[in-house]
Amino acid sequence: MTDTLDILHITTVMGQGGADKQILDLSKEYIHHGHNVQIICLRPLGPMGNSAIKQGIAVNSLNLSKNIKSTTDLIELIKSAREFDPDIVHGHMFHGNILARLTRPFVDASAVISTIHNIDESY
């Protein structure tokens with residue numbers, strides 16, 4: 001077995017879409033292989049987020065109505081990321097990708113990954 005990794009997913013939503021399912025499936029597979037996973041979701045949790053919690057995956061929702069609108073929101077994200085101390089930060093969807101990159105200087109992650117899940121990432 002390889003060394004255990006701490007993998008942080010930052011995503012806009014954990015509703016019921018394909019990207020949300022991919023994050024849930026990736027998280028389950030990483031845990032199956034002995035890694036630690038946390039999901040930080042910007043918006044309130046939906047079905048996939050609740051499913052992740054029921055399956056024992058650490059999920060932290062910032063419960064934002066839309067997007068980060070203040071430095072307080074950004075500080076909360078950074079605080080959550082630092083507490084987890086990830087080896088890898090994986091951003092999903094437009095806002096999750098931007099925030100994964102903004103979080104990078106504040107955590108000691110060796111890699112930041114950005115996944116585009118839609119041909120129109122501007123929403």
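This is a short dialogue about reading the fold, the buried residues and the salt bridges of a predicted model.

Student: Where do I start? How many helices and strands does the chain have?

Tutor: Start by counting elements. This predicted model has 4 helices and 5 strands. Follow the chain from the N terminus and you meet them in the order β-α-β-α-β-α-β-α-β.

Student: And how compact is the chain?

Tutor: Here we set the radius of gyration beside a rule for globules. The chain comes out at 13 Å, close to the 14 Å that the rule gives for 123 residues, so it is as compact as a globular protein of that length. If you prefer a box, the C-alpha trace spans about 40 × 30 × 25 Å along its principal axes.

Student: What share of the contacts joins residues 24 or more positions apart?

Tutor: Take the contacts with a separation of 6 or more: 60% of them are between residues 24 or more positions apart.

Student: Next, burial. What percentage of the residues is buried?

Tutor: Buried means under 20% relative accessible area. In this chain, 43% of the 123 residues are buried. Helix α4, residues 93-103, is a nice place to look: its buried residues include M93, H95, G96 and L99.

Student: What covers the buried residues of α4?

Tutor: Several elements do, among them the helices α1 and α3 and the strands β1, β4 and β5.

Student: Now charges. How many salt bridges are there?

Tutor: The general idea is that side chains of opposite charge can pair when their charged atoms come close. The cut-off used is 4 Å between nitrogen and oxygen, and the count here is 2 salt bridges. In one, K21 pairs with D25, with the closest N and O atoms 2.9 Å apart. In the other, K28 meets D25 at 3.9 Å, N to O. Because they share partners, K21, D25 and K28 are joined into one network.

Student: Where in the chain do these residues lie?

Tutor: In helix α1, residues 18-32, K21 and D25 are 4 residues apart, about one turn of the helix. K28 and D25 lie in α1 too, 3 residues apart, which is also about one turn.

Student: Are those three side chains buried or exposed?

Tutor: In between! K21 counts as partly exposed because its relative accessibility is 41%. D25, at 32%, is partly exposed, and so is K28, at 35%.

Student: What about charges over the whole chain?

Tutor: There are 10 positive and 13 negative side chains, and the centres of the two sets lie 8 Å apart.

Notes: Residues numbered from 1 in each chain as written. Predicted model: local features only at pLDDT ≥ 70, side-chain atom pairs only at ≥ 80, totals over all residues. Heavy atoms only, no water. Salt bridge = Lys/Arg side-chain N within 4 Å of Asp/Glu carboxyl O. Helix = DSSP H or I, 4+ residues; strand = E, 2+ residues; numbered from the N terminus. Buried < 20%, exposed > 50% of the residue type's maximum accessible area, 1.4 Å probe, protein only. Contact = heavy atoms within 4.5 Å. Rg over C-alpha atoms; globule rule 2.2 N^0.38 Å. Lys, Arg positive; Asp, Glu negative; His and termini not counted. Charge placed at Lys NZ, Arg CZ, Asp CG, Glu CD.
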